[in-house]
Number of protein chains: 2
Amino acid sequence: MSKPSIPKGTRDFLPKVMVKRNYIFNTIKQAFVKYGFLPIETPCMENLSTLTGKYGEEGDRLIFKVLDRGDKLMRGLDQIDEGMSQGKIEHTLCKEALRYDLTVPFARFVVQHQNELSFPFKRYQIQPVWRADRPAKARYREFYQCDADVVGSDSLLFEVELIQLFDEVLSNLGLNDFSIKVNNRKILSGIAEITGLSDKIVDITVAIDKLDKIGEEGVIKELERKEIPQEAIEKIKPLFKIGGNTKDVINEMRQLLADSEIGLKGIDELAYVFEKIEVLGLEKAKLEFDVTLARGLNYYTGAIFEVKANNVSIGSICGGGRYDDLTGIFGLKDLSGVGISFGADRIYDVMEELNLFPETSDESTQLLLINFGVKENECLKILQRLREDGINTELYPEGTKLKKQMKYADSKGIPFVLFLGEEELESGMFQIKNLQTGDQKQASLKDIIADLS
Amino acid sequence: MSKPSIPKGTRDFLPKVMVKRNYIFNTIKQAFVKYGFLPIETPCMENLSTLTGKYGEEGDRLIFKVLDRGDKLMRGLDQIDEGMSQGKIEHTLCKEALRYDLTVPFARFVVQHQNELSFPFKRYQIQPVWRADRPAKARYREFYQCDADVVGSDSLLFEVELIQLFDEVLSNLGLNDFSIKVNNRKILSGIAEITGLSDKIVDITVAIDKLDKIGEEGVIKELERKEIPQEAIEKIKPLFKIGGNTKDVINEMRQLLADSEIGLKGIDELAYVFEKIEVLGLEKAKLEFDVTLARGLNYYTGAIFEVKANNVSIGSICGGGRYDDLTGIFGLKDLSGVGISFGADRIYDVMEELNLFPETSDESTQLLLINFGVKENECLKILQRLREDGINTELYPEGTKLKKQMKYADSKGIPFVLFLGEEELESGMFQIKNLQTGDQKQASLKDIIADLS
């Protein structure tokens, strides 16, 4: 029999990793709820027609499709012709698929349940998604997304709130040095407008988005390759030089975009958000205006967010932005939305690198009762009492060698052991040992419970 | 554009339902952890070969298969012959599938990671599974399972612990009247042995398992249909009459099975478990020995558990048992396991019927700040202060009509609203209204925070 395995790009999570992952998810959830976002869940399987055409051609190829069953499958096979395209074949054999992200299913959800929801609708959703990407370091075929979105309001207060959320969650997780970069798609539209190239906005934003990676010269080369005229490039160049404090940058940009109505609107929105955050303050985050930030995604229409952990060489750990027509693809027009997404896998890697996970967790066993095979009923009652007092406790299931029991505690990361020897059970005074420090002391059950609680 | 929909047998969960579902899941998780069970997760997609052949022919058909991609798909299609069986076709076009339950993936997990685990290994797992069953009331194609298992120990203390877990979880959820039925597969083997029909044990247990539903006569008819000789049926009949308190029943059964070694072993195991539970007591559960309990499943080798809510007409809400060779299918022999499963969907239905869900949840918004469009910065600071003090709070995003804001609070089930009028903001004394009782009072922010905390 061959050794069992799992599909390429998927993962098993063992308890030690799960406890850490849950620490991240719980911290995120707690903050979401504090800000009034409520949970929803959608099925992992969507109708294939809901998903196709939403992620571009490449995206369509990367969607995992679920094979039809029974007669439907046999009829589908009969319909397959020589020379049929692969996409067509997939649609002939499959009517369902695994979701590719949480955003399109959320849009579908809002349209389908519009009469059951109160707007502005604030939801969070933490569920896995699937992409048939080539697996690589930190790129998986099954991974969790953690999204919070508000739909049905264009109030900029939500932009402010989402920035506070980034700050609160990441500060609570122990990150000390991270930047929330903010831009506004309208500013990018304004830049395209003043260069007279509004139809080239995607090329321009994709190019300047790379400033971080390829530098000013690289961006200019890319703009030339996209056939942006030299005159327009000259108008864009000042962007690369703009610096100083945010207020100065905003003022400089306001002058640069003086002739673009949409550009000025973008500046106003951005200035409003910065002003509110200045009033409220942030815990650990640095808020930065980054005019080169575009996040590739073409559906943002207002604010664009990206969060980076400084001094850790990993891409962005969170992102988000405002989109004015998310639900339009499903026939519900004019519903503005703004949302953010936490990249749990990358946050996990950052926290591991910086050693930020707490040593103990209330999601694991705190105490192992060492079993000497005596007075079983007494041992069970002590176990019961400890659990009733809220202490995560196990009794080793048999009175076997001490070494084996200690090894069990150690491998499971249980911080304390308590010895249930005959003498201890009679006297009511127990030896408790801290396996991290090696300290051992004698105490009554009552004191032990008080200590561990 | 047609109205968007989701696949048959799947569900969207809106916030109100999610909050209740999470209440169930969290209660279960908390108890699991208290008893030393740690979380694991396995991928939703497994290799198809991991799953096939584990659930019988019907089960294999009900597994959702995931279509191969790219060249592999095209090569597969080329290999399909006229007259190929559907199962063969599926295996030609698919190498991956959605898991059908959590048990087989767990067995695969234990074998694959055996060198990273410490035994006895106690894990819990709460994840969705998929079955292409015909959808019906309370039968879904995507649903959650909540399992806790111990592998690598044959200590009966775990049977005791799992019964305590049933009791603790369901009592914590507010159920007052439920029965934990217990049997032992070895007792069923003993019955088959004393009737001289050990090879017919499956037919016999499947028949007597139905006593509840079809009565004594029905069971006898089914035994006759399975060609169990009249003489054997006469030996089984006394089972239907056995009654009284558990100790008496155990004694009667001990006499009945006096000639069967395995039967007596089953009685001993059962008696041990009942004795320990008697020492420890149960909160709300009634513990019952039900010799007719077989749970159809053929892989149990020791204890068999089933939990029913009394006075609610729904099937069993939990189940479980001991299996001596779970991992044998993946080549790891002699690892005994025992586990239980909570039926979250059915528990949800029972709780709805008995109105057991708490009115408020710490997973939803507690307070809405009514926005009158004045002193925005002050309002934002108050919002921030409330959240810092751990109160789930929202500020309505614009100073619109009061009625609209109240309706928002109502539809979202927010229990309190606080009015941020100009006067209040100046005086620091605020009106807070309880929307459930209609009570309104004036208080300082400090007192309000103390009240809501």
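How many residue pairs are in polar contact across the interface of chain A and chain B? The rule finds 37 such pairs, both residues of each having pLDDT 80 or more, and since this is a predicted model, it is worth keeping the confidence colouring switched on during the tour.

**Start with chain A alone.** Hide chain B and colour chain A by secondary structure, which comes to 19 helices and 16 strands. Turned along its principal axes, the C-alpha trace of chain A spans about 90 × 65 × 45 Å. If you then colour by accessibility, buried residues make up 58% of the 453 residues in this chain. A contact map of chain A adds a further view, for among contacts between residues at least 6 apart in sequence, 69% join residues at least 24 apart.

**Next, select Asp199(A).** This residue is found in the loop between helix 8 (185-194) and helix 9 (201-208) of chain A. Is Asp199(A) buried or exposed? Its relative accessible area is 66%, and because exposed means over 50%, Asp199(A) counts as exposed. Add Ser427(A) to the selection and draw a distance between the two C-alpha atoms: 85 Å separates them, for residues 228 apart along the chain.

**Now show both chains.** Chain A is superposed on chain B by a rotation of 180 degrees, with 0.0 Å of shift along the axis and an RMSD of 0.0 Å. The two copies are therefore related as by a two-fold rotation axis. To place that axis in the viewer, select Val66(A), whose C-alpha is the one in chain A nearest the axis, at 2.2 Å from it. The same surface serves both copies, in that 100% of the contact residues of chain A recur in chain B.

**Select the interface.** Here 103 residues of chain A are in contact with 103 residues of chain B. Between them the two chains bury about 8900 Å², of which 61% lies on carbon and sulfur atoms. On the side of chain A, show Lys34(A), Glu41(A) and Arg387(A) as sticks: these lose the most area to chain B, together accounting for 8% of what that side buries.

**Finish with the charged pairs and the helix.** The count of salt bridges between chain A and chain B is 8. One to display joins the side chains of Glu394(B) and Lys122(A), with an N to O distance of 3.6 Å. Then select helix 16 (residues 376-388) of chain A, which supplies 7 residues, the largest share of the side that touches chain B. Coloured by class, that side of chain A has 52 nonpolar, 27 polar and 24 charged residues.

Conventions. Residues numbered from 1 in each chain as written. Chains lettered and ligands numbered in written order. Predicted model: local features only at pLDDT ≥ 70, side-chain atom pairs only at ≥ 80, totals over all residues. Heavy atoms only, no water. Least-squares fit on C-alpha atoms with pLDDT ≥ 70 in both. Contact = heavy atoms within 4.5 Å. Helix = DSSP H or I, 4+ residues; strand = E, 2+ residues; numbered from the N terminus. Buried < 20%, exposed > 50% of the residue type's maximum accessible area, 1.4 Å probe, protein only. Buried area = accessible area lost by both parts, 1.4 Å probe. Salt bridge = Lys/Arg side-chain N within 4 Å of Asp/Glu carboxyl O. Polar contact = N/O pair within 3.5 Å; in protein donor to acceptor, adjacent residues only side chain to side chain. Nonpolar A, V, L, I, M, F, W, Y, C, P; charged D, E, K, R; others polar.
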